[in-house]
Amino acid sequence: MTQHTLIIDGMALLFRHFYATSFSNQFMYNNRELPTNGVQGMLRHTFKLLELTKPDNVIIAWDMGSKSVRNEWYEGYKANRVAPPEEMVPQFDMIKDVMHDIGFYQDGIAGYEADDVIGTVAQHVDNLTIVSGDRDLLQLINQTNRIWLTKKGYTEYHYYDFQAFNDQYGITPEQFIDVKALMGDASDGYSGVTGIGEKTALKLIRTHGSVETLLDNLDTLTPKMQEKINNDMESLRMSQRLAKIITDVPIKLDSLMDKSAHNLDINHVNSVLQHHDLRLAEKYLSTLNLG
């Protein structure tokens, strides 16, 4: 049987857990006076995922900086993102240090996003479980790979495999790229076609199959819809390019399975958590069955 690989969208979990407690000013300072709320939340979440998924391999994927190749394609890409709060800043390096000390394999490539690292791994690894809060990753689902989208806490997810995705959306995961091209993504700063939301975009792709076929059959649409698409043709094309996850980033695939083998020593993990003064994570770890 193919080894089961768990790949985690690092920034998605780190930000999620930072904001889960920062709204009430629970920053969980350690004995070095550094905030640790995002770090401890992500650690607990990761430990619970190990218990739930029982993986043979674990990979944590990271964004590397605020800019990527997409900013070269489109200046406005993610331009609306605000700077992280000051309590978040030291936790970017801290979480990577802690994960390294524990022994988790981490990967990130300058100029690319974590999504692209995950997308490249998904092209080469079967029996993959992807954990994130980012729906963009739904396009990576295939017959052997699945996505758990975070919902609540450490245990509640929206679970998607190929069939579940098709049942909900009525399209294939790959067609979701063209849905995003039409509807745009405000959080990523690209607009698609003005006046087309998710419901209409899904209907158009279910009917026509792709943006290319849709454009070949514009005359079958209402005059109003034709006008919307023609007026935003440039935006549509750029949105399509931005929506597609890159699946050929230069990561070292030949040694990936060896480097990411999951073989945690709980005593070692506890010593790392103690060294970094991450008491909540240490306490939570003691409640889990990771044997």
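These questions and answers cover the sheet, a helix and the nonpolar cores of a predicted model. Residues are numbered from 1 along each chain as its sequence is written. In this predicted model local features need pLDDT of at least 70, side-chain atom pairs count only at pLDDT 80 or more, totals for chains, interfaces and linings use all residues, and side-chain values use heavy atoms, without hydrogens and water.

Reader: Which are the edge strands of the open sheet?
Author: Strands here are DSSP runs of E, at least two residues, numbered from the N terminus. Six of them form a mixed sheet in the order β3-β2-β1-β4-β5-β6. Strands pair if DSSP finds at least two bridges between them. Two strands pair on one side only: β3 (105–107) and β6 (156–160).

Reader: Which residue in β6 stands opposite T150?
Author: Strand β5 covers residues 146–152. β5 and β6 pair in the antiparallel sense over five bridges. Opposite T150 stands Y157.

Reader: At about what angle does helix α1 run to β1?
Author: Helices are DSSP runs of H or I, at least four residues. Helix α1 (residues 10–22) lies across β1, β2, β4 and β5. Axes are lines fitted to C-alpha atoms, for helices over the stretch in contact (heavy atoms within 4.5 Å). Angles run from 0 to 180 degrees between N-to-C directions; α1 to β1 gives about 55°.

Reader: How many residues has the largest nonpolar core?
Author: A core joins buried (under 20% relative accessible area, 1.4 Å probe, protein chains only) Ala, Val, Leu, Ile, Met, Phe, Trp, Tyr and Cys through side-chain atoms within 4.5 Å. L138, L182 and I229 have the most contacts inside the largest one. I229 touches residues including V193, L214 and L236. The largest core's count is 48 residues.

Definitions and conventions:
Buried means under 20% relative accessible area, exposed over 50%, partly exposed in between (1.4 Å probe, protein chains only). Lists of a residue's contacts leave out its neighbours within four places in sequence.
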